[in-house]
Amino acid sequence: MSFPERPPRAADLGVLTGLRSGKRSYYPAYVRSTERLERTVEALDGISRALVRTAEGPRALVEAVVRAAAEHLQARWLLLAVADGALRAARPRFLLYADDVLIDDETRVPAEVREHLHVLRTRPWEAGAPDGGPGWVRAPMTLDGEPVGGIAAQPGVGVEVADTDLAILRVLANQAAVAVHNTYLFHAAATLRGRTEELSEAAERQARDLAARNAELAETQARLLEALQRQALDDERRRIARELHDSVTQYVLSAGMTVEVCRAELEALGGRPKEIAERLAGAKDLNRQAVERLRAAIYALHRTSQEPAGPLPVMLQRLSTVHLTTDLDVRVRVDGSPLPLPGGAEQSLLRLTGEALFNSATHGRAGRALVRLRYRPDSVVLTVSDDGGGDPAQLRRALRISRATDLSGRHRGLANMVARTEELGGKLSIRRSGMGGVLLRVDIPLPLPEHPGESR
């Protein structure tokens with residue numbers, strides 16, 4: 001069976017990259033890209049789980065692929081079909097996901113799906129066309145560059161299908177084609193072992209091809225997880241930039257106005273040097289605060305976003321130097337046996353720590369801080385304590401006000417920290433630390449869900 005050549009397509013994995021610009025006007029696109037990046041990681045994880053089921057036979061593999069694709073698009077209908085004349089030994093020839101039920105009986109296929117089944121069977125090269133019909137998307141299934149079927153789906157209500165999602169469908173479809181074909185070859189080789197050397201060589205070639213594709217997927221998933229961890233640090237840098245704009249500028253302006261008033265009064269009144277000196281001392285203090293904040297922000301923003309990712313204890317150690325002035329001594333301590341947490345949970349704990357350390361350095365004027373991460377059998381406990389001048393009771397009152405009525409955003413940092421903790425099913429508390437300042441404690445129960453609520 002021959003098929004028309006389709007135009008070259010950019011590498012699907014190239015679609016799964018991040019932003020093209022860091023300009024402020026691209027921030028909404030940045031948020032959408034982040035959401036799709038997380039969905040892509042989840043989809044790749046689903047692909048990995050599907051591929052390891054190859055040994056169970058082609059039916060189990062195809063079912064796992066169809067469910068992974070349907071979950072990614074939150075689809076009501078999702079159809080995977082092999083073209084007539086292609087992959088002759090592949091079974092089943094089609095599989096339909098409909099409201100969490102898998103159907104391979106053509107008499108039970110609804111009318112609205114039959115048209116797509118016909119296209120995938122008889123004209124699989126059209127599966128790559130941009131228009132799959134109202135409310136439908138399609139992606140081709142290829143083997144050795146030839147279309148051998150495809151996937152057609154009706155995404156769930158409110159799901160916006162981007163190039164990233166179509167790339168995921170293509171990866172799923174292509175992996176299904178290779179794996180189904182390989183499964184047949186492996187089972188045929190087991191029953192007909194030794195009959196022909198040609199069959200053995202074909203099976204080896206296909207096995208190498210499958211291994212190469214699996215390695216490519218594993219490498220891509222690792223790069224995406226690294227990107228998510230770097231994103232956590234980048235988000236903190238952007239927050240520092242906002243702090244620089246909103247607070248340091250006001251300090252500098254106030255200092256300049258105070259100095260100008262003092263100078264004018266000195267010239268106009270010709271005296272009162274003591275009062276003017278006091279005002280100039282206040283101006284000097286304002287400028288000192290501005291310099292301290294500028295130094296902290298510039299030091300933090302100087303760090304690049306290309307730092308290699310690592311486990312949570314390593315990321316906490318790096319974060320302890322990102323937000324702070326050089327005279328704040330930070331120690332990180334880890335108790336218990338570290339265990340991997342879901343990516344969203346580690347990002348939330350990392351951002352909670354960054355917010356707490358920044359508050360210690362900027363608002364509490366602390367000289368020392370201790371970050372302690374404790375792994376327990378049934379929970380993870382994170383504490384950040386300092387020797388600064390913060391008042392725990394005042395912070396608790398400010399937190400209650402900000403969550404209820406604070407419209408100015410003055411204490412939204414504390415409220416966001418509580419929100420992140422609650423998304424993980426945990427609890428945040430504030431009290432006096434043994435070092436004399438503030439101790440912030442976060443208790444997270446275990447086990448955590450595989451995909452905890454998205455952090456703010």
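These are my notebook entries on what I looked up in this predicted model.

**Entry 1: the whole chain**

I began with the overall counts. I found 11 helices and 10 strands in the chain. Of its 456 residues, 46% count as buried. I then looked up the accessible surface, which comes to about 23800 Å², with 53% of that belonging to carbon and sulfur atoms. For contacts with a separation of 6 or more, I noted that 67% are between residues 24 or more positions apart.

**Entry 2: the sheet with strands 1 to 5**

I went to the sheets next. One is an open sheet of 5 strands in the order 3-2-1-5-4, with antiparallel pairing. Strand 3 (101-103) and strand 4 (137-143) are its edge strands, each pairing on one side only. From one strand to the next, I read an average twist of 15°.

I followed the pairings one by one. Strand 1 (residues 77-82) and strand 2 (residues 94-98) are antiparallel and share 5 bridges, and here Ala81 stands opposite Phe94 of strand 2. Helix 4 (residues 111-122) packs on this sheet, touching strand 1, strand 2, strand 4 and strand 5 (146-154). The direction of helix 4 makes about 30° with that of strand 1.

Strand 1 also pairs with strand 5, antiparallel, over 6 bridges. In that pairing I located Trp77, whose bridge partner in strand 5 is Gln154. Strand 4 is joined to strand 5 by 7 bridges, again running antiparallel, and Met141 has Gly149 of strand 5 as its bridge partner. How many residues lie between the strands in the hairpin of strand 4 and strand 5? I found 2, and Asp144 takes a positive phi near 55° in this hairpin. I also checked how covered strand 5 is: 8 of its 9 residues are buried.

**Entry 3: the sheet with strands 6 to 10**

The other sheet I looked up is open too, with 5 strands in the order 6-7-8-10-9 and mixed pairing. Which strands stand at the edges? They are strand 6 (329-335) and strand 9 (427-432); each has a single partner strand, so one side of each lacks a neighbour in the sheet. Neighbouring strands are turned by 15° against each other on average, direction ignored.

Within this sheet, strand 7 (residues 368-375) and strand 8 (residues 379-386) pair in the antiparallel sense, over 7 bridges. Leu373 has Leu382 in strand 8 as its bridge partner. Helix 10 (residues 392-404) packs on the sheet and touches strand 9 and strand 10 (438-445); the direction of helix 10 makes about 145° with that of strand 9. Helix 8 (residues 312-319) lies across strand 6 and strand 7, and I read about 170° between helix 8 and strand 7.

**Entry 4: salt bridges**

I counted 10 salt bridges in total. Glu106 and Arg121 form one of them, at 3.2 Å from N to O. This pair links distant parts of the chain, 15 residues apart: Glu106 sits in the loop between strand 3 and helix 4, and Arg121 is in helix 4. Is each partner buried or exposed? Glu106 is partly exposed because its relative accessibility is 35%, whereas Arg121, at 18%, counts as buried.

Another salt bridge joins Arg213 and Asp209, at 3.4 Å from N to O. Both are in helix 6 (residues 197-269), and they are separated by about one helical turn because they stand 4 residues apart. Arg213 is partly exposed at 23%, and Asp209 is partly exposed at 27%.

I also looked at Asp443 and Arg441, whose closest N and O atoms are 2.7 Å apart in a salt bridge. Asp443 is partly exposed at 24%, while Arg441 is buried at 17%. Arg333, Asp335 and Arg372 are joined into one network by salt bridges that share partners.

**Entry 5: two single residues**

I placed Glu422 in helix 11 (residues 412-423). Its relative accessibility of 45% makes Glu422 partly exposed. The C-alpha atoms of Glu422 and Asp443 are 9.9 Å apart, with their positions 21 residues apart along the chain.

Last, I looked up Ser360, which lies in helix 9 (residues 343-362). Ser360 is buried, at a relative accessible area of 4%. Which residues does Ser360 contact, leaving aside neighbours within four places in sequence? I found Arg365, Ala366 and Asp386.

Note on methods: Residues are numbered from 1 along each chain as its sequence is written. This is a predicted model: local features need pLDDT of at least 70, side-chain atom pairs count only at pLDDT 80 or more; totals for chains, interfaces and linings use all residues. Side-chain values use heavy atoms; hydrogens and water are left out. Buried means under 20% relative accessible area, exposed over 50%, partly exposed in between (1.4 Å probe, protein chains only). Contact means heavy atoms within 4.5 Å. Accessible areas come from the Shrake-Rupley method with a 1.4 Å probe; for residues, only the protein chains shown count as cover. Two strands pair if DSSP finds at least two bridges between them. Axes are lines fitted to C-alpha atoms, for helices over the stretch in contact, and angles run from 0 to 180 degrees between N-to-C directions. A salt bridge is a side-chain nitrogen of Lys or Arg within 4 Å of a carboxyl oxygen of Asp or Glu.
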